[in-house]
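Hi everyone, thanks for coming. Could you pull up the structure on your screens so we can walk through a few places together?

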Amino acid sequence: MTDEKLAIVVLAAGQGTRMKSAVPKLLHPLAGAPIVAHVLATARALDAERVIAVVRHERDLVAAAVETELPGAIIVDQDDVPGTGRAVELAVEALADDFDGEVLVLNGDVPLLNADTLAEFVAQHRDTGVAASVLSAHYADPTGYGRIVRAADGAFDRIVEQKDASADELSLDEINAGVYAFGAAALRDQLANLTTDNAQGEKYLTDVIGLLRAAGSEVSALPVSEPWLVAGINDRAQLSETAARLNALIIRGWQLNGVTVEDPATTWIDLAVRIEPDVTIRPGTQLKGATTVATGAIIGPDTTLVDCEIGADAEVKRTDGTLAVIGEGASVGPFAYLRPGTVLGVDGKIGTFVETKNASIGAGSKVPHLSYIGDTEIGDGSNVGAGSITANYDGVAKHRTTIGSHVRTGSHGVFVAPVTIGDGAYTGAGTVVRKDVPAGALAVNVAPQRNIEGWVGQHRPGTAAAEAAEAAGEADQADLD
């Protein structure tokens, strides 16, 4: 149910220079989604009346990501006046003049802060009736953060930035997490009083807290249960730390849902992945994108699957796959490469050092060894011999190969597309198939073997091969004598 008294402002205008990247900080991937998408997903879960994202750096890219994750969000452009206070000022201007609820301000680079924590924060803010609430955290090392200073009775007194803090204030371990809840009326009143009269020439949102206190309004500070909930991402090291924390939470969630993860330290699972109970995930596995894994499947070790669909009781090991569908009870790998468009039927097999692309392989059919199967349709119950290639490209266009059901192809075959192998047909070892093969026929085109006696001695004299051949000939003659 929509909370008509709640508006959420997501601050997404920063450049993120410490990432040292051409990619905007908020668009760096985290568990399969941009950093800002995690914050927007949390905002969506709170069912606010309005969600407003304030953008500036790489405006179009960030705005597109916001609209993809949260259609209907209001995009507000920050102008040339810098600072978080100015960003919130512009966001509030986008609200209806008669909006009199609460304004929750979130940072777009704090992706682990969840909806339950924020819902409790907003509820406590409303229950206390204060003008503003500040989310805080206790850090073992608070260096660099603004400190929460409390009165003797424990009530919130003020925020002091590290550069302005006394020795006693620097010893405090409760920090300002940069997440705020404001009453809309009080926020509007004090935003009008913000100035850029400071060393950085910015409008600071923290100054609103000071202005409210100076006006006699009450402010509360509410600490989170775990400090990592409000950890922001400013550089690649923090991105890595956050990714590891989120991945551990994702893995634990699947473990509690009946999935066996043999080695969480080497397993990575994106947030959008779906896994049914009684799946086993072996070490070195990455499940990415919208991958789904059905019950009883075994994935890994050393496997990466992107946007794949794995059927029940299938086994996929030491495989790299993208946009592939693996049927129930099928087997893939080791050392298989599944390119987009691969579909393997029930109880089928794609074996060792096999590459497939845009290929449909029917139920019970097997491509066991050392083969390339591209732009191909294989029926049910067929077996493709080792070292086979479907030659699908003529230098201009791609063509399809069709192999029927219950076909047996010999090793080291080449199928020059477009070509069709009928049901129940066979091909001999080493056959290059350029014409259609009728159902039940045997296709062979290997020339009779010809042995040229003495060729090595005549053309490779003095080599080890020639000496070995000469010795063998002498031994054969001795046996005759």
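I'll go through one helix and then two single residues. Keep in mind that what you see is a predicted model.

Okay, the helix. Find α3, which covers residues 84-93. Of its 10 residues, 8 are buried, so the helix is largely enclosed by the rest of the structure. If you want to click on them, the buried ones are Gly 85, Arg 86, Ala 87, Val 88, Glu 89, Leu 90, Ala 91 and Val 92. And what do those buried residues pack against? Four strands and a helix: β1 (3-12), β4 (48-55), β5 (74-77) and β6 (102-107), plus α6 (184-191).

Now let's jump along the chain to His 369. UniProt, in an unreviewed entry, puts an "active site" feature on His 369. You'll find this histidine in strand β29, residues 366-369. Is His 369 buried or exposed? Somewhere in between: its relative accessible area is 38%, so we call it partly exposed. Setting aside neighbours within four places in sequence, His 369 touches Thr 352, Phe 353 and Val 354, and also Gly 385, Ala 386 and Gly 387.

Last stop, Ser 388. This serine sits in the loop between β31 (383-384) and β32 (389-391). Its relative accessible area is 0%, and since anything under 20% counts as buried, Ser 388 is buried. Who's around it? Again leaving out neighbours within four places, Ser 388 is in contact with Leu 370, Ser 371, Tyr 372, Thr 409, Gly 410, His 412, Gly 413 and Phe 415.

That's my tour, thanks!

Key
Residues numbered from 1 in each chain as written. Predicted model: local features only at pLDDT ≥ 70, side-chain atom pairs only at ≥ 80, totals over all residues. Heavy atoms only, no water. Helix = DSSP H or I, 4+ residues; strand = E, 2+ residues; numbered from the N terminus. Buried < 20%, exposed > 50% of the residue type's maximum accessible area, 1.4 Å probe, protein only. Contact = heavy atoms within 4.5 Å. UniProt positions renumbered as here; feature names shortened; annotations may be inferred.
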